[in-house]
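User: Could you take a close look at the aromatic rings in this structure and describe what lies around them? I would like one connected explanation that I can follow with the model open.

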Amino acid sequence: MQECFRWYGPGDPVPLSFIRQTGATGVVTSLHHIPYGEVWSVDEIRRRQETVAAAGLEWNVVESLPVHEDIKTGTGRCAEYLANYRESLRNLASCGIKVVTYNFMPVLDWVRTDLHHVLPDGSEALYFNQAQFAAFELFILRRPGAEKDYSAQRISEAEDFYRSMTPSQVDAFTSSLVDNFPGFKGMTLDRVREMLSRYDGMTRDDLEANLRRFLEAVCPTAEEGDQVMVIHPDDPPYPILGLPRIFGTIDDIRKLLAVTDSPANGICFCSGSFSGRPDNDVVAMFRECASRVGFVHLRSTEHDGHGNFYEADHLGGVVDMYSLVKEILAEQFRRRDAGRSDWRLPFRPDHGHVIMDDLAKPPCPNPGYSALGRMKGLAEIRGLELGILKSCFEKEYGHVSR
């Protein structure tokens, strides 16, 4: 596999020089300073490439080229933003960048209710708690109709949590939920309410139709540049904020791939996001869609049986990481045997615990992306990969290495 590390650009507290020391050879990044919907120029792309290359690394994957809300709702300047997206794809292709990640989550991207959940060993993990999110919806955002989405017991738990916080704690909790996304800073409750209002009456079918329109518009352009568009799963992989979420199960994968059989229509297989649903068999999901996977995020979650989960060690939690990595390597050999030059799948250790010296530093502005926890995950996965290659594939393929 191609070992990558996510980098948030020049403002990232984890510098490229540190990333090179982790064992990664590639960087996954985005031009977060460009507003959503605007064209990524060739000059901006090359400037970022040159910065990464000067550190001895390669910009392997775009994560993400954001999809503007007008495209997701099919309203406003949708046609203009689709044209801009196609132009950005052409510019990326002219610079040799072939893998482009996106998501189709309405309003908010990934959501966690605690960015500093303390584990028994003293490290910190990202955590999603149903009652805490209900408290946000019911008593802070005050989303109309939210009470219909929760049981009486969950509402009671949510109220208890809300009343336990001081005003300053409420403000910090709110900010951690709505103002946590690179390239989209400055979100307020009023802005969230305004964005939600644009989805009034939108059904799952409507959102799926808008995704179909997006793919039909951009996949031909991506094909021209020999690129693959890879969709990131919803996180958590079920509806929130009263809005549909449409990419979190094996049925959703099947629907997506049925939209178009274009080789440009691919998947960012995030084992952690998919594992947010205990009923998802993550290994079986990868096995079914392996030929359409263009990028892999490897992490896992641990659940408490009440809808709550936290991010586990990379080799722990509910994901059978041994079996998943074995399936990924088998797919790579299938691609190599088919003569594909791009047979190595790029992957990155997704998120990571805050551990050791990072605990003493100011909180990372990009939750889940402090250095040491991800480096630990990368090292564990690289070791697992080498062990599988030696024990499972060397006899069939001769000498193998990562």
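Analyst: In this predicted model, the charged end of Arg336 is placed over the ring of Trp343, at 5.6 Å from the centre of that ring. Rings also pair with one another, and the count for this structure comes to 15 aromatic pairs. One of these pairs is formed by Phe128 and Tyr238, whose ring centres are 6.4 Å apart, which falls within the 6.5 Å limit for a pair. Because their planes stand at 65 degrees, and an angle over 60 counts as edge-to-face, the pair is described as edge-to-face.

This pair joins distant parts of the chain, since Phe128 belongs to strand E6 (residues 124–128), while Tyr238 lies in the loop between strand E7 (228–231) and helix H10 (250–259), and the two residues are 110 residues apart. Phe128 has a relative accessibility of 1% and therefore counts as buried, and Tyr238, with a relative accessibility of 17%, counts as buried too, given that the cut-off is under 20%. Both residues also belong to a cluster in which ring pairs link Phe128, Phe133, Phe136, Tyr238 and Phe309.

To place these rings in the whole chain, it helps to know that the chain has 14 helices and 12 strands, and that 57% of its 402 residues count as buried. Among contacts in the chain with a separation of 6 or more, 71% come from residues 24 or more positions apart. The radius of gyration is 21 Å, which agrees with the value near 21 Å that a compact globule of 402 residues would have.

Conventions: Residues are numbered from 1 along each chain as its sequence is written. This is a predicted model: local features need pLDDT of at least 70, side-chain atom pairs count only at pLDDT 80 or more; totals for chains, interfaces and linings use all residues. Side-chain values use heavy atoms; hydrogens and water are left out. Rings of Phe, Tyr and Trp (its six-membered ring) pair if their centres lie within 6.5 Å; planes under 30 degrees apart count as stacked, over 60 as edge-to-face and the rest as tilted. Helices (H or I, at least four residues) and strands (E, at least two) are DSSP runs, numbered from the N terminus. Buried means under 20% relative accessible area, exposed over 50%, partly exposed in between (1.4 Å probe, protein chains only). A charge sits over a ring if NZ of Lys or CZ of Arg is within 6 Å of the ring centre and within 35 degrees of the ring normal. The radius of gyration is taken over C-alpha atoms; the globule rule is 2.2 Å times the number of residues to the power 0.38. Contact means heavy atoms within 4.5 Å.
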